[in-house]
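Below is a brief report on one protein model. It looks at packing first, then at backbone details and overall totals.

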Amino acid sequence: MSPVLSFSMSRVAGMMLVALLLSGCALKSRQFAAPEEAEYTKAAITGYKHIRYWGDRRAEYADTTMDRLKLNKKLHNRVDILALSGGAEDGAYGAGFLKGWSERGDRPEFTMVTGISTGALIAPFAFLGAEYDPVLKRLFTESSKKNIFVLTPFTALFGGSAVADTAPLRDILKEEIDDAFVAALAREARKGRILQIGTTNLDAQRPVIWEVSEIAKSGHPDAKYLIQQIMLASASVPGVFPPVLIEVTIEGKKYQELHVDGGVTQQIFVYPYALDVKWYEKALGIRPQKNLWLIRNTKITPEYKIVDLGVSDIASRSISTLIKYQGRDNLKNIMSLAKRDNFKVSITHVPGSFDTPLEEMFDKRYMRALYQVGYEKGRSDLAWQRGLE
């Protein structure tokens, strides 16, 4: 994978199984304790306000976002939300699709961009527009596994939290998400545009949605580092990549939350079902054209494959099937939401006909081929479909 890629579902499943087999020792201790169950919902990031909410419910501060929305003058005409899913190496499809869409000439300036896992690593670049298409191409076609992780199986044997170390990926994020990049995110946030990334709080077993554009706009000296941490956490497959410990405070006392791959709780997201979109439209006095653009970075239809009777193959196939159907259910829920709120839904995904074999994790040949497929699809007149079939 590139700095923007994650594991293929089957590879993830196999690595997760290895992690389970190696998990005889306890995890290393945290620098600060985890919040207690009775007060974990009070945890906050010092120096920030209104930068995250639980993904399974409406944000408590949702009504206070009206001033932010008023900054976006384009809301009177149209609202465009781009959602980028997880999907491992298949994230090359989304990167290629965005490039093709740009060249076709009708790619809008998105009102909001959301990302999960691989999609979380693409989302900031997609948010800033077509000028970052070359960055996505480089990240998804020129990187290899050495740019992403170093295997550390013996660490797992002796109490570590993963079978790999993501130090190479962390270095790439530090390079790409620099001061100038954060300033560009802040500039767009001041126009009333929104960038959100999802992680999973593993202690709470709940999705967390991070307002990355607001973090960038905050001017906080640690904003760059926090955005890097969020992106890394969203792509950190549990047991394979180390979790990301995020420091929080409760009544002045420090704690650490354990954040992992956003795809553990949802493969793709737009906004909570409890959000009253019609209320916002009425309050703003607008009736815009509304579009949901959903890029599912994997195949969504069943794929027949004869399964060996070994534990690894059965576990791998079962986990990849679970992920596939979780993703389909997420798309169905979004389509239901869109129908309620009068959004037009457009979906694209890796075509079932794509058959280039994946020879190893983050196989350049595989990703380059899939990037090209996405690129050609994005340029075509048949780029989008309206449903799951």
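## Helix H8 and its cover

This is a predicted model. Helix H8 spans residues 179-189, and its buried residues are Phe181, Val182, Ala184, Leu185, Ala186, Glu188 and Ala189. Glu188 is thus listed as buried along with Phe181 and Leu185.

Several elements cover these buried positions. Among them are four helices: H4 (118-128), H7 (167-176), H9 (212-217) and H10 (223-234). Strand S6 (194-201) is also part of the cover.

## Nonpolar cores

The largest nonpolar core holds 71 residues. Leu82, Leu185, Trp210, Ile215 and Ile227 touch the most other members. Helix H4 gives the most to this core: eight residues. A second core is separate and has 34 residues, including Ala59, Tyr61, Leu292 and Ala338.

What does Ile215 touch, leaving out residues up to four places away in sequence? The list is Tyr48, Ile51, Trp210, Ala223, Leu226, Ile227 and Ile230. Trp210 and Ile227 appear there, and both are also named with Ile215 among the core residues that touch the most other members.

## Where H5 meets H13

Helix H5 (residues 133-141) and helix H13 (residues 364-379) have axes that come within 8 Å. The axes cross at roughly 145 degrees. From H5, the contact uses Lys137, Phe140 and Thr141. From H13, it uses Lys364, Met367, Arg368 and Tyr371. By class, that makes three nonpolar, one polar and three charged residues.

The spacing of contact residues invites a general note. An α-helix has 3.6 residues a turn, so residues three or four places apart point the same way.

## Positive phi outside glycine

Which loop holds Glu251? Glu251 sits between strand S8 (244-250) and strand S9 (253-260). Its phi is positive, about 50 degrees, although Glu251 is not a glycine. Glu251 counts as exposed because its relative accessibility is 74%, and the cut-off for exposed is over 50%.

Asn342 lies in the loop between helix H12 (311-341) and strand S11 (344-349). Asn342 is not a glycine either, yet has a positive phi of about 60 degrees. Is Asn342 buried or exposed? With a relative accessible area of 53%, Asn342 is exposed.

## Whole-protein totals

The protein has 13 helices and 11 strands. Of its 389 residues, 58% count as buried. The exposed area is about 17,500 Å², and carbon and sulfur atoms supply 53% of it.

Take the contacts in the protein with a separation of 6 or more. Residues 24 or more positions apart account for 80% of them.

Terms used
Residues numbered from 1 in each chain as written. Predicted model: local features only at pLDDT ≥ 70, side-chain atom pairs only at ≥ 80, totals over all residues. Heavy atoms only, no water. Axes fitted to C-alpha atoms, helices over the stretch in contact; angles between N-to-C directions. Helix = DSSP H or I, 4+ residues; strand = E, 2+ residues; numbered from the N terminus. Contact = heavy atoms within 4.5 Å. Nonpolar A, V, L, I, M, F, W, Y, C, P; charged D, E, K, R; others polar. Buried < 20%, exposed > 50% of the residue type's maximum accessible area, 1.4 Å probe, protein only. Core = buried A, V, L, I, M, F, W, Y, C linked by side-chain atoms within 4.5 Å. Areas by Shrake-Rupley, 256 points an atom, 1.4 Å probe, with all protein chains shown as cover.
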